[in-house]
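This report describes how the ligand is held and what spaces the protein encloses, beginning with the ligand shell and moving outward to the pocket and cavity.

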Amino acid sequence: MRAGKVFVFSGPSGVGKDTLLDLLAEQVDGFEKCVTATTRAPRSQEVNQKDYHFVSREQFLEWECAGLMLETATYNDQLYGTPLFAVRQVTDRGLDVILKIEVQGALKVKSIISDALLVFIQPPSIESLRQRLSDRNTESLDEIERRISIAAIEMQESVHYDYVVTNDELSRAVDDLRCIIVAERLRQVRA
Ligand code: 5GP
């Protein structure tokens, strides 16, 4: 069985990563999103162990200290991290794993797994991002502005990524992602 490849998808909150991933899953087989861990509270539609492992700060720090996390990061005062067991749950089945994580974590993953492929998803503009965050109606105005300031910093980090995809038109952006995955799977492995 071939080893699962690691794809890292990052992009500002509200850029549409989940929608893109759902559409991508309809077109490409053989991958699964890793369920990561966070200390933030679940949003109304979110389900524990499906959207995230929603854990207490104590639990999170315990996993981190025990060396059970591939990477961790602080985002908007909350802890986020990728448990190794969650990656293995995907790769052990021979599937490629998609880590949908923010930029600090993405760069840590790349430093540990050098052949991980980093894909940054950007909005057409900061204004369109603000509109999307406001349309989804899950954050307060303050929270939206905090996420917008983080987004501006994150977008500067996109220079470290292998690919940058603009989510201006959904079907085109999904197609771009599909092409990236297909091309990466066809890559020659050189000794
Ligand atoms: P949200 O609170 O909107 O679900 O996520 C906030 C940010 O944290 C998003 O950019 C999301 O991709 C990122 N994120 C989710 N899980 C992880 C993780 O395990 N590690 C890191 N570094 N970022 C994560």
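## The ligand shell

In this predicted model, the ligand is surrounded by 18 residues, of which Arg-40, Tyr-52, Glu-71, Tyr-80 and Glu-102 are the closest. Sorted by class, the residues of this shell comprise seven charged, six polar and five nonpolar ones. Two strands, E5 (69-75) and E6 (78-83), each contribute at least two residues to the shell.

## Polar contacts and cover

Three pairs of atoms can be described here. On the side-chain side, a polar atom of Glu-71 is found 2.7 Å from a nitrogen atom of the ligand, and Glu-71 is also listed among the closest residues of the shell. On the backbone side, a backbone N or O atom of Gly-81 lies 2.9 Å from an oxygen atom of the ligand, while a polar backbone atom of Thr-82 is 3.4 Å from an oxygen atom of the ligand. Of the 510 Å² of accessible area that the ligand has on its own, the protein covers 97%.

## The largest pocket

The ligand takes up the space of the largest pocket, whose volume is about 1300 Å³. This pocket is lined by 47 residues, and those closest to its centre are Asp-18, Lys-33, Arg-43, Glu-46 and Lys-100. By class, the lining is made up of 20 charged, 16 nonpolar and 11 polar residues.

Several secondary-structure elements take part in this lining, each with at least two residues: the helices H1 (17-27), H3 (84-91), H5 (126-136) and H6 (141-156), together with the strands E2 (31-33), E5 and E6. Helix H1 provides the largest share, with six residues. Strands E5 and E6 therefore appear in two roles, since each supplies at least two residues of the ligand shell and at least two of the pocket lining, where elements are taken as DSSP runs.

## The cavity

When the whole structure is searched, one cavity of 30 Å³ or more is found, and the largest cavity holds about 30 Å³ of space. Its lining is formed by Lys-33, Cys-34, Thr-36, Asp-51, Tyr-52 and Lys-100, which divide into three charged, two nonpolar and one polar residue.

Some of these names recur from the earlier sections: Lys-33 and Lys-100, which line the cavity, are also among the residues closest to the centre of the largest pocket, and Tyr-52, another residue of the cavity lining, is one of the closest residues to the ligand.

How values were computed
Residues numbered from 1 in each chain as written. Predicted model: local features only at pLDDT ≥ 70, side-chain atom pairs only at ≥ 80, totals over all residues. Heavy atoms only, no water. Near = heavy atom within 4 Å. Polar contact = N/O pair within 3.5 Å; in protein donor to acceptor, adjacent residues only side chain to side chain. Areas by Shrake-Rupley, 256 points an atom, 1.4 Å probe, with all protein chains shown as cover. 1 Å grid on protein atoms, 1.4 Å probe; cavity = no way out; pocket = protein on both sides within 12 Å on 5 of 7 lines; lining within 4 Å. Sits in = over half its atoms within 2 Å of the grid points. Helix = DSSP H or I, 4+ residues; strand = E, 2+ residues; numbered from the N terminus. Nonpolar A, V, L, I, M, F, W, Y, C, P; charged D, E, K, R; others polar. Points joined across faces, edges and corners; volume = space filled by probe spheres on them.
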